[in-house]
Amino acid sequence: MKHRTALFLVCALCCAALTSQAMAGGPYTLRFGLQQGKTYLYADVVHADVTQEMMGQEMKSATISTSLSRLVIEKSGADGISAITSLDSMTVSVKNARMDTTMVMPDLLGKRSRIVLSPLGRVLSKAVIDTVGKAGSPMRGASARDAMRVHVFPEAPVAAGGTWTGVIADTNEAMGGKIVTVSTLTYTLAGEEQKAGRACVKITYAGTMAVEGKGSMMGAEIFTEGKGTVSGVLHFDAAAGVTVADESRMETDMTAAITGAQNMTMPISTVGSSARTLRAVLDTAH
């Protein structure tokens, strides 16, 4: 009896050690698993320090945006995940030589968009459901309408120390036009780490981004192009298939060419950071 008990304990310890090793090193199959009938709430904080030159003068501006995004999953399956995204709240604080103000952005709240993505994170389609009128805020673009930011996962399982590359193309409204950002990122699975009470895989990423856009403001056409770098850390609950936290930093150097009554070219450099945190997972109200 004592021999059987000792053998059982040895086997249990071996199994525990093997399980711990497997959890620590993988391999992990990374897939988005957002559940139909669930609503995911995310808090976002974005900082941006912008320096631009106009007619020989340098102007600096600091912007802080805080928002609460709502993702309502209307369909989830192997062929794709369809989510309705909207903003519950958003404030934007701007400080420069001309102003020091905080805006609540009421024109954006509750405005819905639909995004469909594959379990690997590839965006299959995006569509605006509720438009924002022209009288709305000039800040109405980019992250304000794109509440569901995603990363690209590999098809094959990946172990700790494994890497893969993802190319993410994103188109957003800004200044009456569109800005296209293409990011090429290298991901590295660093291991397993607890985050916000969840067992997550920690994924670091770094790469480059290219920006190109066209818009208009006060009768003048604005053409923008530039490039930059981005890096960050993603905490992903692989068992639930949900992003728990995503922190990133980016630097860009762009040129804005303005044509109209007066032609000019403005160099614009930006240093920014963003932090996204999962706040709650709720049953969708019917």
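The following questions and answers walk through a predicted model of one protein chain.

User: How many helices and strands are there in the protein chain, and what pattern do they follow along the sequence?
Analyst: In this predicted model, the protein chain holds two helices and twelve strands. Read along the sequence, these elements follow the pattern α-β-β-β-β-β-β-α-β-β-β-β-β-β.

User: Which element of the protein chain has the lowest mean pLDDT, and which has the highest?
Analyst: The protein chain averages a pLDDT of 84, and 84% of the residues score at least 70. Over residues 1-23, however, pLDDT stays under 50, and the model has four contacts beyond four places in sequence for this stretch. Among the elements, the lowest mean pLDDT, 38, belongs to helix α1 (residues 2-25), while the highest, 94, belongs to β3.

User: For residues 135-145, how many contacts beyond four places in sequence does the model have?
Analyst: Residues 135-145 also need careful reading, since pLDDT stays under 50 over this stretch. For these residues, the contacts beyond four places in sequence number 25.

User: Which strand gives the most residues to the largest nonpolar core?
Analyst: The largest nonpolar core has 31 residues, and those with the most contacts inside it are Leu30, Tyr40, Phe153, Trp164 and Ile203. Several strands each supply at least two residues of this core, among them β1 (38-54), β2 (57-77) and β8 (177-195). The strand that gives the most, with five residues, is β9.

User: Is Met54 buried, partly exposed or exposed?
Analyst: Met54 has its place in strand β1, and its relative accessible area is 26%. Because buried means under 20% and exposed means over 50%, this value of 26% makes Met54 partly exposed.

User: Which residues does Met54 touch, not counting residues up to four places away in sequence?
Analyst: Distance along the sequence is one thing and distance in space another: Met54 and Pro267 are 213 residues apart in sequence, yet 7.9 Å apart in space, C-alpha to C-alpha. When residues up to four places away in sequence are not counted, those that Met54 touches are Met59, Met264 and Met266.

User: Among contacts between residues at least 6 apart in sequence, what share joins residues at least 24 apart?
Analyst: Tyr40 offers an example of contacts across the sequence, as the residues it touches include Gly33, Ser69, Val242 and Val281. For the protein chain, among contacts between residues at least 6 apart, the share that joins residues at least 24 apart is 61%.

User: Which residues make a nonpolar surface patch of about 200 Å²?
Analyst: One member of this patch, Val167, lies in strand β7 (residues 163-174). The residues that make the patch of about 200 Å² are Val167, Val180 and Val182.

Definitions and conventions
Residues are numbered from 1 along each chain as its sequence is written. This is a predicted model: local features need pLDDT of at least 70, side-chain atom pairs count only at pLDDT 80 or more; totals for chains, interfaces and linings use all residues. Side-chain values use heavy atoms; hydrogens and water are left out. A nonpolar core is a set of buried Ala, Val, Leu, Ile, Met, Phe, Trp, Tyr and Cys residues joined through side-chain atoms within 4.5 Å. Buried means under 20% relative accessible area, exposed over 50%, partly exposed in between (1.4 Å probe, protein chains only). Helices (H or I, at least four residues) and strands (E, at least two) are DSSP runs, numbered from the N terminus. Contact means heavy atoms within 4.5 Å. pLDDT is the predictor's confidence in each residue, from 0 to 100. Patches are made of residues with over 30% relative accessible area and no salt bridge: like charges are joined within 9 Å, nonpolar side chains (Val, Leu, Ile, Met, Phe, Trp, Tyr) within 5 Å. Accessible areas come from the Shrake-Rupley method with a 1.4 Å probe; for residues, only the protein chains shown count as cover. A salt bridge is a side-chain nitrogen of Lys or Arg within 4 Å of a carboxyl oxygen of Asp or Glu.
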